[in-house]
Amino acid sequence: MLTDAPSRTPPLALGTGDFFQLLRDGKPRTRADLIAITGQSRSTIATRIDALMSTGLIAPAGTAGSTGGRRPATFAFRPGARVVLAVDLGANHARLAVTDLASTVLAAHDEPLSIAAGPDVVLPWVARAGRDLLAAAGRDVGDLAGIGLGLPGPVEHSTGRPINPPIMPGWDDVDVPGILGAELGVAVLVDNDVNIMALGEYRAAWSQVSDLLLVKVSTGIGAGIIADGAIRRGAQGAAGDVGHMAVPGADHVPCRCGNTGCLEAVASGQAVAAALSAQGLDAVDSAGVVALVRSRGVTASQAVRQAGRDIGGVLASCVSMLNPSVIVIGGVVADAGEHLIAGIREAVYRRSLPLATQHLRIVASRARAGAGVLGASAMAIDHVLSPAAIDALAA
Ligand SMILES: [Zn+2]
């Protein structure tokens, strides 16, 4: 990681892509600043600046203050040079945004959409809605640098293909990046919905920490892991699947995965709704549970708090493994207010070692429903502004 600290040893030649990373913070810098930071020669810096200016990704940004004589010109990253399309697909809902290269939302769109309609319906719809949204943002397809997309199921990260997604009939092993990339002519990055939420929440609200766990509690339960400032997907992209970790004493509860005693079968919004309906209360899904809690239903509040304890019991194991600074709770059931988080805190603090919980914060999502598109945008931007991509662009 490059910093503004002057280098003491003669640096290796810095390629255009690596050089560009220095400017991604948006701060205007003079040639002299850039020479001091990188230790590179004046002519190398001039070459790098010319190469980046030709891509449009940096531009002159006025002049710096000077102690006398001519004021030196500064250069800065231009986030509006290109845009990305960010897509968050849920079980029954689609959310799209066009953002600039600093994840500032330029236009957004929400619409009910059933993922179960299958890729032949959903992917052409995404392409169409994406084109319309680009137009609404006053940009055209030529300005599009990449697409980030989240799906409500397991995704093999290296290929961007969903693998046996339980609520996505017809999507198994579908080449989502290939199909959408052919429609819109750019790179498409695909991940599961919880990972993009974790990335969005991290970048939007918690970039000052480096270890964060985001837990989504809605129809199912899943987690996204940020460790040392980066999303951790594991070998195949299945890391963070806490919904199928075992809850002690719940061996009699069957789970849709074929196992028994899974966290999701005991404590998801769907599981709590089913338990409350069995007691004669009107709750068909997570939103129904939240409505009951909000109308001060004692039984529903107690059920959500117990779900929080069950989730916290599993999260205590995650805390022991990962030692996060922050656990962020998102998803529809988190809208039930403090009951869920209170239950989670109770179990995590009781079952973890003091060193791991001394500074641990367990909080509700700040980016909330917007976390997914922010994360999808960040994932696409990290790809299109990576050193390798910039080197290819500037070549
Ligand atoms: Zn299961």
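Which loop holds the place of Asn-323? Keep that question in mind while we walk through this predicted model; we will come back to it near the end of the tour.

**Stop 1: the whole chain**

Start with the protein chain as a cartoon. You should be able to pick out 14 helices and 15 strands. Turn the C-alpha trace along its principal axes, and it spans about 80 × 50 × 40 Å. The radius of gyration is 23 Å, which agrees with the value near 21 Å for a compact globule of 395 residues.

Now switch on a surface. The protein chain exposes about 17800 Å², and carbon and sulfur atoms supply 54% of that area. Of the 395 residues, 50% count as buried. If you display contacts with a sequence separation of 6 or more, 60% of them join residues 24 or more positions apart.

**Stop 2: the zinc ion**

Select the zinc ion next and show the side chains around it. Which atoms coordinate the zinc ion? They are ND1 of His-244 and the SG atoms of Cys-255, Cys-257 and Cys-262, at 2.0 to 2.3 Å. The 4 donor atoms make angles of 106 to 118 degrees, and the site is tetrahedral. For comparison, the ideal angle for four tetrahedral donors is 109.5 degrees.

In the sequence, look for the donor spacing H-x10-C-x1-C-x4-C. Then colour two of the cysteines by accessibility. Cys-255 is buried, with a relative accessible area of 11%, whereas Cys-257 is partly exposed at 44%.

**Stop 3: helix H4**

Select residues 119-136, which form helix H4. Draw a distance from the first C-alpha of H4 to the last: the 18 residues reach 25 Å, close to the 26 Å expected at 1.5 Å a residue.

Which elements do the buried residues of H4 pack against? Show strands E4 (83-89), E5 (93-100), E6 (105-112) and E7 (144-151) together with helix H5 (176-184), and you have those partners on screen. On H4 itself, the buried residues include Val-122, Leu-123, Trp-125, Val-126, Ala-129, Gly-130, Leu-133 and Leu-134. It helps to remember that an α-helix has 3.6 residues a turn, so residues three or four places apart point the same way.

Before moving on, step just past H4 to Gly-138, which takes a positive phi of about 75 degrees.

**Stop 4: Ser-103**

Two of the strands that pack against H4 are E5 and E6, and the loop between E5 and E6 contains Ser-103. Is Ser-103 buried or exposed? Ser-103 counts as buried, because its relative accessibility of 18% is under the 20% cut-off.

Now add Gly-375 to the selection. Ser-103 and Gly-375 are 272 residues apart in sequence, but their C-alpha atoms are 8.8 Å apart in space. Beyond its sequence neighbours within four places, Ser-103 is in contact with Leu-374, Ser-377, Ala-378 and Ile-381.

**Stop 5: Arg-31**

Jump to helix H2 (residues 31-38), where you will find Arg-31. Arg-31 is partly exposed, at 33% relative accessibility. Leaving aside neighbours within four places in sequence, its contacts are Arg-42, Ile-45, Ile-49, Ala-73 and Phe-75. Select Arg-71 as well: it lies 40 residues from Arg-31 along the chain, with 12 Å between the two C-alpha atoms.

**Stop 6: helix H10 and the loops beside it**

Finish with helix H10, residues 298-322. Ser-301 is in this helix and is buried, with a relative accessible area of 11%. Leaving aside neighbours within four places in sequence, Ser-301 is in contact with Val-293 and His-339.

Next, select Arg-296 in the loop between helix H9 (286-294) and H10. Arg-296 is exposed, with a relative accessible area of 74%. Check its backbone too: most residues other than glycine have a negative phi, but Arg-296 has a positive phi of about 65 degrees.

That brings us back to the opening question. Asn-323 sits in the loop between H10 and strand E14 (326-330). Asn-323 is not a glycine either, and has a positive phi of about 50 degrees. At 45% relative accessibility, Asn-323 counts as partly exposed.

Methods:
Residues are numbered from 1 along each chain as its sequence is written. This is a predicted model: local features need pLDDT of at least 70, side-chain atom pairs count only at pLDDT 80 or more; totals for chains, interfaces and linings use all residues. Side-chain values use heavy atoms; hydrogens and water are left out. Helices (H or I, at least four residues) and strands (E, at least two) are DSSP runs, numbered from the N terminus. The expected span of a helix is 1.5 Å times one less than its number of residues. Buried means under 20% relative accessible area, exposed over 50%, partly exposed in between (1.4 Å probe, protein chains only). Contact means heavy atoms within 4.5 Å. Donors are N, O and S atoms within 2.8 Å of the metal (3.2 Å for Na, K and Ca); water is not among the atoms, so sites may look incomplete. Four donors count as tetrahedral if all angles lie between 85 and 135 degrees; four count as square planar and six as octahedral if opposite donors are over 155 degrees apart and all others between 65 and 115; anything else is irregular. The radius of gyration is taken over C-alpha atoms; the globule rule is 2.2 Å times the number of residues to the power 0.38. Accessible areas come from the Shrake-Rupley method with a 1.4 Å probe; for residues, only the protein chains shown count as cover.
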